[in-house]
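Subject: Structure handover

Hello,

Here is the structure I promised to pass on. Please open it alongside these notes.

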Amino acid sequence: MAAKTPLEVAQYTAQTGVKKAQTPVSSVLILGFLAGAFIALGFLLDIRVIASAPAEWGSIATFIGAAVFPVGLILVLIGGGELLTGNMMAVPLAAITRKITPASMVKNLLLVTLGNLLGALFVAYFFGHVLGLTADGVYLTKVVDMAGHKLHDSFLQAFISGIGCNWLVALAVWLSYAADTMSGKILGIWFPTMAFVAIGFQHVVANMFLIPAAIFEGHYSWGQYVMNFIPVWLGNLTGGALFVAAAYWMVYLRQAEPVTKPETIGPATVAPVEAEGRTMLSKHA
């Protein structure tokens, strides 16, 4: 199984961040919508699988749900999508290496946030509420219970939980970039993603599905959701940008990368790095 070295992954990730920042707005919104929907579908699968599990199963049921949830991130990274938590690692790394401006980074993260929100809300409303997959019975009970646990955290707790989440999710993206085969990418994605779900960390895009799904059924409020969204968004950004992007920049790229004028990287520069990933890496993972 071929794999890039950590240095090669860092270089590839920085170039990927440049490409993400330069993607047209319409494409970012479409790919963001798809990624939000994919993560929501992974969470919906989790709920449908474990909602009726006996209480005696305890944490085993949580593990089973965590084991199926990664299908969402697999769809994003191999099928194609712009996921906020992955971009919170790749795009800041491009900014740290001075390949894009901070303004371009912020613009991309805001656009992807909007696209992900629309995709997650689509699944929560039409599949969860209208189709009824989270609207009643044990499925509604599970959604309300899980959303309640997310909303119960204080601002600081939600922020710290967001850090832990995207430390793992960004590493899942990092490992997928390291692999050159589909099987390698799936393994790299699965383990860290499963870990964050089983631990119970807060993922801003997953919450875009879970909490609105409960709200659509008459539980909780949009104001409560906003007060969860803010610290989790900030925590996810800290986990991806600081604990992954900045940490690996310090080790691998601080001395190795030449200073480049922001946003002068063109297709000719990105193409050789992209070719290194061969045919298995989605351009918009």
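Below is what I found, from the overall fold down to one residue.

First, a caution on the source: this is a predicted model. The mean pLDDT of the protein is 91. A value of 70 or more is reached by 89% of the residues. The weak stretch is residues 264-285, where pLDDT stays under 50. The model still gives that stretch 48 contacts beyond four places in sequence. Where pLDDT is low, the predicted coordinates should not be read in detail.

Now the fold. The protein has twelve helices and zero strands. Along the sequence the pattern is therefore α throughout, α-α-α-α-α-α-α-α-α-α-α-α. Of its 285 residues, 52% are buried. Among contacts with a separation of 6 or more, 87% join residues 24 or more positions apart. The exposed area is about 11,900 Å², and carbon and sulfur atoms supply 70% of it.

Next, two helix packings that share α10.

Start with helix α2 (residues 25-50) and helix α10 (residues 204-216). Their axes come within 9 Å and cross at roughly 60°. The two helices are therefore oblique to each other. The crossing of α2 and α10 is right-handed. On the α2 side, the contact is made by Gly36, Ile39, Ala40, Phe43, Leu44 and Ile47. On the α10 side, Val205, Ala206, Phe209 and Leu210 take part.

Then there is helix α7 (residues 137-152), which also packs with α10. The angle here is about 115°, with the axes 9 Å apart. The crossing of α7 and α10 is left-handed. From α7 come Val143, Val144, Met146, Ala147, Lys150 and Leu151. They meet Asn207, Leu210, Ile211, Ala213 and Ala214 in α10. Leu210 is named in the α2 contact, and Leu210 is named in the α7 contact too.

Last, one residue to look at. Is Thr113 buried or exposed? Its relative accessibility is 11%, and the cut-off for buried is under 20%, so Thr113 counts as buried. Thr113 lies in helix α6 (residues 102-130). Which residues does Thr113 contact, leaving aside its neighbours within four places in sequence? They are Leu84, Met208, Phe229 and Trp233.

That is the handover.

Best wishes

Terms used: Residues are numbered from 1 along each chain as its sequence is written. This is a predicted model: local features need pLDDT of at least 70, side-chain atom pairs count only at pLDDT 80 or more; totals for chains, interfaces and linings use all residues. Side-chain values use heavy atoms; hydrogens and water are left out. Helices (H or I, at least four residues) and strands (E, at least two) are DSSP runs, numbered from the N terminus. Buried means under 20% relative accessible area, exposed over 50%, partly exposed in between (1.4 Å probe, protein chains only). Contact means heavy atoms within 4.5 Å. Accessible areas come from the Shrake-Rupley method with a 1.4 Å probe; for residues, only the protein chains shown count as cover. pLDDT is the predictor's confidence in each residue, from 0 to 100. Axes are lines fitted to C-alpha atoms, for helices over the stretch in contact, and angles run from 0 to 180 degrees between N-to-C directions. Angles under 35 degrees count as roughly parallel, over 145 as roughly antiparallel, 65 to 115 as roughly perpendicular and the rest as oblique. A crossing is left-handed if the near helix is turned anticlockwise from the far one by less than a right angle, and right-handed if clockwise.
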